[in-house]
Amino acid sequence: MAASQLAKDLFGGKELPSAETAQSIGFYSKGCFAGGVGLPLDGPTWQVMRPSRNRNWGHPAMIALLERFSRDAVADGWNGLLVGDISQPRGGPMRTGHASHQVGLDADIWFGPMPSTPYSMAGREKIGAKSLLRPGTNNVLDERRWDPVYARLLKRAASYPEVERIFVNPGIKKKLCETVTGDRSWMNKIRPYWGHDEHFHVRIGCQPGSAGCKPQQGTGTGDGCDKSLAWWFTEEPWRPNENPDAPKARDLMTMASLPKECGAVLAAPNPPSMEAATYRGGSAVAAAPAAPPTTIGGEAPAIPVTASAFAPTPAIGVPLPRPRPGN
Ligand SMILES: [Zn+2]
């Protein structure tokens with residue numbers, strides 16, 4: 001591959017994860033991951049939105065968490081999750097959208113429940129997410145659109161030990177600060193950020209087995225209803241960009257910008273099929289065996305495919321993936 005090729009094109013062109021042991025490499029906004037697992041486009045308690053983007057991939061721990069969260073959310077009175085972007089099959093920078101979501105440990109969840117009649121594949125490409133903000137504002141909650149179920153949903157998401165941060169619009173954080181009673185410790189993980197008025201962004205920490213995963217800074221202590229939140233209600237965060245035409249980092253990154261192990265992830269073999277790399281419940285994932293090891297002249301496999309990420313696991317009612325639209 002040409003050294004000058006953009007990483008977003010190389011990673012954005014991958015249709016399947018690498019058939020390797022799962023590990024995240026690098027940082028949320030500068031990295032990739034091996035051994036990714038796909039979240040089925042339809043589950044009993046979730047739907048993947050914008051399926052044609054092929055961003056329903058993540059570290060197995062992220063995918064397992066989403067499945068569990070979707071079940072718990074239903075118990076909390078939320079009719080299933082609409083799951084937005086997770087990551088590309090091997091992570092890395094994307095051609096459009098996010099700066100982060102590169103290491104398989106980030107997922108966007110829409111602030112809207114699954115409808116009682118699930119969205120069609122075509123509908124999921126078109127239907128827009130609804131903002132919780134007063135129209136025309138950056139950070140002012142539209143009180144008519146607020147529902148306490150959002151607080152329950154965010155609390156549930158924050159309850160999982162692997163979740164380190166959840167990004168929401170400052171207006172949503174402020175509403176929690178004003179209304180949550182009782183235990184507020186979970187609010188430490190709820191962090192204000194630009195956007196995130198139509199969806200919230202769940203970020204889990206580096207997982208065991210990912211020596212090259214770079215953790216983010218801790219969130220400190222306290223509920224975050226302090227001057228760090230007050231800053232979002234000053235003029236400073238909303239000043240127009242002084243240099244609006246400056247290229248974004250993801251538009252400049254070449255493979256040299258990423259950890260060198262990401263080159264190997266890019267070159268690693270595919271699993272035998274999309275199904276083989278799709279979550280089926282349990283701790284890992286797929287029902288199909290791993291790709292047959294490459295043997296050259298009777299030598300040992302050139303690229304050993306370890307069993308852990310692709311070992312057969314009993315199905316627990318998570319359906320087989322449906323074909324992607326257009327396939
Ligand atoms: Zn996000």
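The largest nonpolar core of this predicted model has 63 residues, and the members that touch the most others are Cys32, Met62, Leu66, Leu81, Val83, Ile166 and Phe200. Helix 2 gives this core its largest share, eight residues. One of the well-connected members, Met62, is in contact with Ile86, Gly104, Leu105, Ala107 and Ile204, leaving aside neighbours within four places in sequence.

Stepping back to the whole chain, you will find seven helices and eleven strands. Of its 327 residues, 41% count as buried. Contacts often link distant parts of the sequence: among those between residues at least 6 apart, 77% join residues at least 24 apart.

**Helix 4 and its partners**

Which residues of helix 4 are buried? In this helix, residues 148-158, they are Leu153, Leu154 and Ala157. They lie on the same side of helix 4, because they cover an arc of only 95° around the axis. As a general reminder, an α-helix has 3.6 residues a turn, so residues three or four places apart point the same way.

The buried residues of helix 4 pack against one helix and three strands, listed here with their residue ranges.

| Element packed against by helix 4 | Residues |
|---|---|
| Helix 2 | 60-75 |
| Strand 9 | 163-168 |
| Strand 10 | 190-192 |
| Strand 11 | 199-204 |

Helix 2 deserves a second look here. Its axis and that of helix 4 come within 10 Å and cross at roughly 145°, and the crossing is right-handed. On the helix 2 side the contact involves Phe69, Asp72 and Ala73, which meet Leu153, Arg156 and Ala157 of helix 4. By character, the residues of this contact divide into four nonpolar, no polar and two charged. Two of the helix 4 residues in this contact, Leu153 and Ala157, are also among the buried ones.

**A glycine in strand 1**

Now for a residue in another part of the chain: Gly26, found in strand 1 (residues 23-27). Is Gly26 buried or exposed? Gly26 counts as buried because it has 23 C-beta neighbours inside 10 Å, and the cut-off for buried is 20 or more.

What does Gly26 touch, not counting residues up to four places away in sequence? Its contacts are Gly31, Cys32, Val103, Gly212, Lys214, Leu258, Pro259 and Cys262. Cys32 in that list is also one of the core residues that touch the most other members. With Lys214, the C-alpha to C-alpha distance is 5.3 Å, although Gly26 and Lys214 are 188 residues apart in sequence.

Note on methods. Residues are numbered from 1 along each chain as its sequence is written. This is a predicted model: local features need pLDDT of at least 70, side-chain atom pairs count only at pLDDT 80 or more; totals for chains, interfaces and linings use all residues. A residue is buried if 20 or more other C-beta atoms lie within 10 Å of its own, exposed if 12 or fewer, and partly exposed in between; C-beta atoms are placed from the backbone. The arc is that of the directions from the helix axis to the C-beta atoms. Two residues are in contact if their C-beta atoms, placed from the backbone, lie within 7 Å. A nonpolar core is a set of buried Ala, Val, Leu, Ile, Met, Phe, Trp, Tyr and Cys residues joined through C-beta atoms within 7 Å. Axes are lines fitted to C-alpha atoms, for helices over the stretch in contact, and angles run from 0 to 180 degrees between N-to-C directions. A crossing is left-handed if the near helix is turned anticlockwise from the far one by less than a right angle, and right-handed if clockwise. Ala, Val, Leu, Ile, Met, Phe, Trp, Tyr, Cys and Pro count as nonpolar, Asp, Glu, Lys and Arg as charged, and the others, Gly among them, as polar.
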